[in-house]
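Subject: Structure handover

Dear colleague,

Here is the structure I said I would pass on. My notes on what was found in it follow below.

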Amino acid sequence: ITRGAFDEVFTPDVIGRCRSLKWVHAPGAGIDTYLYPNLAEASFVLTNGKIIQGPEVADQAMALLLALTRRVGYALRGVARDEIPRPVELRGKRALVIGLGGIGLGLAERLAAFGMTVDALSEENMPLTSFVDKIYLADQLPEALPGADAVIMAAPLTPASRKMSDV
């Protein structure tokens, strides 16, 4: 089922009527739009594709960072070549990845491959990997932010993560 079709049928009204349903799988990684107040009383388990789509989303985040640092937007707008600011080299820069799930770990690996120092913010302490230099716990965001050249939010949208940024 496509995301659009799922959005049409997975509504608070439908949740209350599905008494014998045992499992619902939402397409995609983000399920924040489906966290209805009556979901806690539902008879089924709601799952999503956060691990399955991790590599693709990490690739997309990397592509967006490269588009910014390589000044792709200037070229797309037709700015003259000699007026485009010099590209930013990622090697030697520091990235902070917020969230070390499937997407965050994949992204950290890609950032490290470009020569970046990668720090991460996670809800739980986890073993270091070869591509994450330092892990901060969620309450250490003020310590983790200074010195970051790129901050990438890879955490699921929850009430706690929603308060991390005003963007």
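I start with S161, which lies in helix 7. This is a predicted model, and helix 7 (residues 159–162) is where its confidence is lowest, at a mean pLDDT of 73. S161 counts as buried, since its relative accessibility is 10% and the cut-off for burial is under 20%. In sequence S161 is 63 residues away from I98, while the C-alpha atoms of the two are 9.3 Å apart in space. Please keep the confidence of helix 7 in mind when reading that distance. For the protein as a whole, the mean pLDDT is 87, and 96% of the residues reach 70 or more. The highest confidence is found in strand 3 (residues 94–98), at 97.

Strands 3 and 4

Strand 3 is mostly covered, with five of its five residues buried. From this strand R94, L96 and I98 point one way, and A95 and V97 point the other way. That fits the general rule that side chains in a regular strand alternate between the two faces of the sheet.

Strand 3 has two pairing partners in these notes. With strand 4 it pairs in the parallel sense over five bridges. R94 stands opposite T117 of strand 4, and L96 has D119 of strand 4 as its bridge partner. Between strand 3 and strand 4 the chain passes through helix 5 (residues 102–113), and this β-α-β crossover is right-handed. With strand 6, strand 3 pairs over four bridges, also in the parallel sense. Here A95 stands opposite A150.

Strand 4 (residues 117–122) is largely enclosed by the rest of the structure, because five of its six residues are buried. Strand 4 is also joined to strand 5 (residues 134–137) by four bridges, and these two strands run parallel. S122 has L137 in strand 5 as its bridge partner.

V118 lies in strand 4. It is buried, with a relative accessible area of 0%. V118 is 114 residues from G4 in sequence, and the two are 35 Å apart from C-alpha to C-alpha.

The nonpolar core

V118 is also among the residues with the most contacts inside the largest nonpolar core, along with M62, L65, L107, L111, M116 and V132. The core has 20 residues. At least two of them come from each of helix 3 (54–69), strand 3, helix 5, strand 4 and strand 6 (150–153). Helix 5 gives the largest share, four residues. Helix 5 is thus the connection in the right-handed crossover between strand 3 and strand 4 as well as the main supplier of this core.

Aromatic residues

The search of the whole structure finds two aromatic pairs. One of them is F10 with F44, an edge-to-face pair with 6.0 Å from centre to centre and 70° between the planes. The pair links distant parts of the chain, 34 residues apart: F10 is in the loop between helix 1 (3–9) and helix 2 (12–17), and F44 is in the loop between strand 1 (23–25) and strand 2 (45–47). Both rings belong to buried residues: F10 counts as buried because its relative accessibility is 5%, and F44 because its value is 9%. Together with Y36, F10 and F44 form one aromatic cluster.

A further ring to look at is that of Y74, where R77 lies over the face at 5.0 Å from the ring centre.

R71

One backbone angle deserves a check on your side. R71 has a positive phi of about 60° although it is not a glycine. R71 is found in the loop between helix 3 and helix 4 (72–76). With a relative accessibility of 23%, R71 counts as partly exposed.

That is what I have for now.

Best regards

Key
Residues numbered from 1 in each chain as written. Predicted model: local features only at pLDDT ≥ 70, side-chain atom pairs only at ≥ 80, totals over all residues. Heavy atoms only, no water. pLDDT = per-residue confidence, 0-100. Buried < 20%, exposed > 50% of the residue type's maximum accessible area, 1.4 Å probe, protein only. Pairing = 2+ DSSP bridges. Right-handed = clockwise from strand over helix to strand, strands pointing away. Phe/Tyr/Trp six-rings, centres within 6.5 Å; stacked < 30°, edge-to-face > 60°. Lys NZ or Arg CZ within 6 Å of the ring centre and 35° of its normal. Core = buried A, V, L, I, M, F, W, Y, C linked by side-chain atoms within 4.5 Å.
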